[in-house]
Amino acid sequence: MNYFYHVVPNKLIGNSLMPLCKMKNQDTNLYDLYKSKYTGREEVIKQKIPLLNCFWDEVVQVLPLNPAKLFNLQLKLGLISKLPTYSYFKIDPNQLNKDNAVIYFKTAPGDQNVVVKWLKDVNLDSMQEVPLATINYYKSLVGTKETVFNYQFVPHVLYKGCINIPKSKIFYI
């Protein structure tokens, strides 16, 4: 069975992963903390999500690929010296309303390299390996000492709404 993955946040409001815009009304300090991830790229927050007809800050982002595969590749390429100690919620895709979920594919920089498809129209089995664009991106960083964007060019599930996590298992790298 395939799962979706989301980093276990240091601080969580209730029993759900919630979009940034909902967090603002619940806990302004937490909102400011998570919004700070977009410092220097604030335009992303107001990026329109095709098909869902909403903005980036109105969705929860999860990975359809086991993140250990990404970090193992970084380790193999020498981009990191040891595996990080991250924990992720392992979310059953069947708990999401498929009408509120899309897959965001980006294969290179620029909006012209983005394709968005409904989750219900995508075979999750086809997304269980590290994408070639991600492999090439990681290889381009070897020897540069540049910061690695761990999830660069990895398809993301964008979910409009909150994701309940009480039944989700925790996966450790």
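Helix α3 is followed by Gly78, a residue with a positive phi, near 80°. That is the far end of the helix in this predicted model; at the N-terminal end, the cap comes from Asn66. Here a side-chain oxygen of Asn66 sits 2.8 Å from the backbone nitrogen of Ala68. Between the cap and the glycine, α3 covers residues 67–77, and a good part of the helix is tucked away: Pro67, Ala68, Leu70, Phe71, Leu73 and Gln74 are buried. The cover over these buried residues comes from several places in the chain, including the strands β1 (4–7), β6 (87–91) and β11 (169–172). Helix α4 (132–141) is also among the elements that cover them.

One residue of α4 shows this packing from the other side. Thr134 lies in helix α4 and, with a relative accessible area of 0%, counts as buried. Leaving out residues up to four places away in sequence, Thr134 touches Leu70, along with Gln152, Phe153 and Val154. Leu70 is itself one of the buried residues of α3.

The three strands named above as cover for α3 also belong together. They form an open sheet in the order β1-β6-β11, with antiparallel pairing. β1 and β11 each have a single partner strand, so each has one side with no neighbour in the sheet. On average, neighbouring strands here are turned by 40° against each other, direction ignored. For the β6 and β11 pair, the antiparallel ladder runs over 4 bridges. In β11, Ile170 is the residue that stands opposite Phe89.

A second open sheet has 4 strands, ordered β5-β9-β7-β8, and its pairing is antiparallel too. Its edges are β5 (59–62) and β8 (114–118), each of which pairs on one side only. The average turn between neighbouring strands of this sheet is 25°, again ignoring direction. At one edge, β7 and β8 run antiparallel and are joined by 5 bridges. Across from Tyr104 stands Val116 of β8.

Next comes the hydrophobic interior. In soluble globular proteins, nonpolar side chains tend to be buried together. In this model, the largest nonpolar core is made of 18 residues. Those with the most contacts inside the core are Leu20, Met23, Ile49, Leu52, Trp56 and Leu158. Three elements give two or more residues to the core, namely α1 (20–26), α2 (28–35) and β7 (101–106). Of these, α2 gives the most, with 3 residues. Met23 is a handy residue to look at in the viewer: with neighbours within four places in sequence set aside, it is in contact with Ile13, Met18, Leu30, Tyr31 and Tyr34.

Cysteines are worth a quick check. A search of the whole structure turns up 0 disulfides. For Cys21, the closest cysteine sulfur is that of Cys54, and the two do not bond because 8.3 Å lies between them, which is too far. Seen from Cys54, the closest cysteine sulfur is likewise in Cys21, at 8.3 Å. A disulfide would need the sulfur atoms within 2.5 Å. The surroundings of the two residues contrast: Cys21 is partly exposed, at 26% relative accessibility, whereas Cys54 is buried, at 1%.

Finally, the loop between β3 and β4 has some backbone angles to look out for. Leu51 is placed in the loop between β3 (48–49) and β4 (54–55), and its phi is positive, near 75°, in a residue other than glycine. With 43% relative accessibility, Leu51 counts as partly exposed. Asn53 lies in the loop between β3 and β4 as well. Although not a glycine, Asn53 has a positive phi of about 55°. Asn53 is exposed, with a relative accessible area of 56%.

Methods: Residues are numbered from 1 along each chain as its sequence is written. This is a predicted model: local features need pLDDT of at least 70, side-chain atom pairs count only at pLDDT 80 or more; totals for chains, interfaces and linings use all residues. Side-chain values use heavy atoms; hydrogens and water are left out. Buried means under 20% relative accessible area, exposed over 50%, partly exposed in between (1.4 Å probe, protein chains only). Contact means heavy atoms within 4.5 Å. A polar contact is a pair of N or O atoms within 3.5 Å; within protein, one must be able to donate a hydrogen and the other to accept it, and residues adjacent in sequence count only if both atoms are side-chain atoms. A nonpolar core is a set of buried Ala, Val, Leu, Ile, Met, Phe, Trp, Tyr and Cys residues joined through side-chain atoms within 4.5 Å. Two strands pair if DSSP finds at least two bridges between them. Axes are lines fitted to C-alpha atoms, for helices over the stretch in contact, and angles run from 0 to 180 degrees between N-to-C directions.
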